[in-house]
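Got the viewer open? Let's take a walk through this one together, one selection at a time.

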Amino acid sequence: MRASFLHRHSVCVLGASGHIGQPLSLALMQSKYVTDLRLYDLVYATGVGVDLSHMPVSTRVRGYEPGSIDKALKGADLVINVAGLARKPGMVREDLFNTNALTIEELTTEIAKHAPGAIIGVIPNPLNSMMVVAAETLKREKAYDPRKLFGIISLDAIRASVFLGEITGKDPKTLEVPILGGHSGRTMLPLLSIALGDEKITNDQQELITHRIRRGGDDVVKAKNGSGSCSLSMAFATLGWAEKVLRALDGEKGIVVSSIVDSPLMKPKLDLFGSPVELGREGVERVLPLPKMNAYEEEQLDRCLPDLEMNYRKGYEYFHTCKH
Ligand code: LMR
């Protein structure tokens with residue numbers, strides 16, 4: 001008997017036919033923590049579901065398209081929303097705001113209606129602003145549970161471990177880099193000093209790696225040359241995040257993952273903030289206190305906050321002034 005019978009979880013991917021949705025769905029199909037995978041998208045989700053259903057795994061998979069989003073969502077333990085446009089060379093994440101905000105609002109409204117108790121992971125860019133749109137939509141729908149909404153920033157964490165591994169010669173799988181802030185420019189703050197413990201890198205090295213992590217998305221967009229942005233390593237990172245969430249739902253203790261969540265750390269200035277959080281059966285069990293940082297990281301945190309505030313303001317303005 002497969003171990004997965006112990007872990008019976010339903011996961012719904014919104015935007016499942018897209019450039020992240022397809023590899024993410026492939027990855028989730030192979031996870032022992034997922035027994036029921038629902039795929040939703042405006043087009044082709046049924047086909048993606050049929051395709052994946054030919055894999056010899058015991059996960060049940062099914063695709064849904066407009067008209068049946070309720071069935072895709074009903075009873076899901078975890079909903080991962082990857083629906084949205086990807087940027088092209090020459091664009092910054094903020095250029096995606098108008099299109100993706102509308103999609104986030106529409107899909108979050110559906111989640112509130114059909115899967116009100118689910119844990120929600122949000123990926124589309126500009127993520128910092130999209131988190132505000134998702135939170136405000138849930139509040140409007142009276143379905144906001146601050147423990148259950150997550151902005152997924154695990155891509156920054158895996159990039160950090162790979163780039164840090166390259167400089168130190170350490171196996172990246174052994175390097176857990178906590179991420180503070182958010183997911184754009186200076187708001188991404190990898191705490192490399194914490195991952196290294198007693199070992200040290202120079203200030204120049206820390207600056208170089210931090211910059212490379214912040215530039216990671218731009219490098220992929222440029223290299224893909226118009227055919228999209230980071231999708232495969234995003235799917236890999238999101239699988240890691242999802243499995244942690246599902247293990248915590250099973251009652252495993254002490255699981256920590258960096259995510260953007262409703263956080264006491266920067267309140268009252270900022271309601272949402274990315275940092276390591278301990279997971280539990282209801283989502284966020286506890287936001288961990290800020291760890292002791294080195295001088296470079298302290299300084300970068302000061303620089304991150306005004307940019308985060310600006311990104312959040314854009315989300316609030318969209319929600320409360322532009323169209324509502
Ligand atoms: C990334 O960091 O790769 C993603 O946010 C996608 C992008 O457009 O940069």
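Start with the shell around the ligand: its residues split into 2 nonpolar, 4 polar and 3 charged. Keep in mind that this is a predicted model. To see the shell, select Arg87, Arg93, Asn125, Leu155, Arg159, His183, Gly217, Ser229 and Cys230, the residues around the ligand.

Now colour by domain, using 9-152 for domain 1 and 154-312 for domain 2. Why does the ligand lie between them? Both domains give residues to the shell, so that is where the ligand ends up.

Next, show sticks and pull up some distances. Go to Arg87 first: one of its polar side-chain atoms is 2.5 Å from a ligand oxygen. Hop over to Arg93, where a side-chain N or O atom lies 2.8 Å from an oxygen atom of the ligand. Then pick Asn125, which has an N or O atom in its side chain 2.7 Å from a ligand oxygen. While you're here, try a surface: on its own the ligand has 260 Å² of accessible area, and the protein covers 97% of that.

Time to hide the ligand and look at the empty space. How many cavities of 30 Å³ or more turn up in a search of the whole structure? There are 3. The largest cavity holds about 210 Å³ of space. Its lining is made up of 22 residues, and those closest to its centre are Ile20, Asn125, Ser229, Cys230 and Met234, so select these five.

Last stop: bring the ligand back. The space it takes is that largest cavity, and Asn125, Ser229 and Cys230 also belong to the residues around the ligand.

Notes. Residues are numbered from 1 along each chain as its sequence is written. This is a predicted model: local features need pLDDT of at least 70, side-chain atom pairs count only at pLDDT 80 or more; totals for chains, interfaces and linings use all residues. Side-chain values use heavy atoms; hydrogens and water are left out. A residue is near a molecule or strand if one of its heavy atoms lies within 4 Å of it. A polar contact is a pair of N or O atoms within 3.5 Å; within protein, one must be able to donate a hydrogen and the other to accept it, and residues adjacent in sequence count only if both atoms are side-chain atoms. Accessible areas come from the Shrake-Rupley method with a 1.4 Å probe; for residues, only the protein chains shown count as cover. On a 1 Å grid over the protein atoms alone, a cavity is a set of points where a 1.4 Å probe fits but cannot get out, and a pocket is an open set with protein on both sides within 12 Å along at least five of seven lines; lining residues have an atom within 4 Å of a point. A molecule sits in a cavity or pocket if more than half of its atoms lie within 2 Å of its grid points. Ala, Val, Leu, Ile, Met, Phe, Trp, Tyr, Cys and Pro count as nonpolar, Asp, Glu, Lys and Arg as charged, and the others, Gly among them, as polar. Domain bounds come from an automatic or database domain assignment. Grid points are joined across faces, edges and corners, and a volume is the space filled by probe spheres set on the points.
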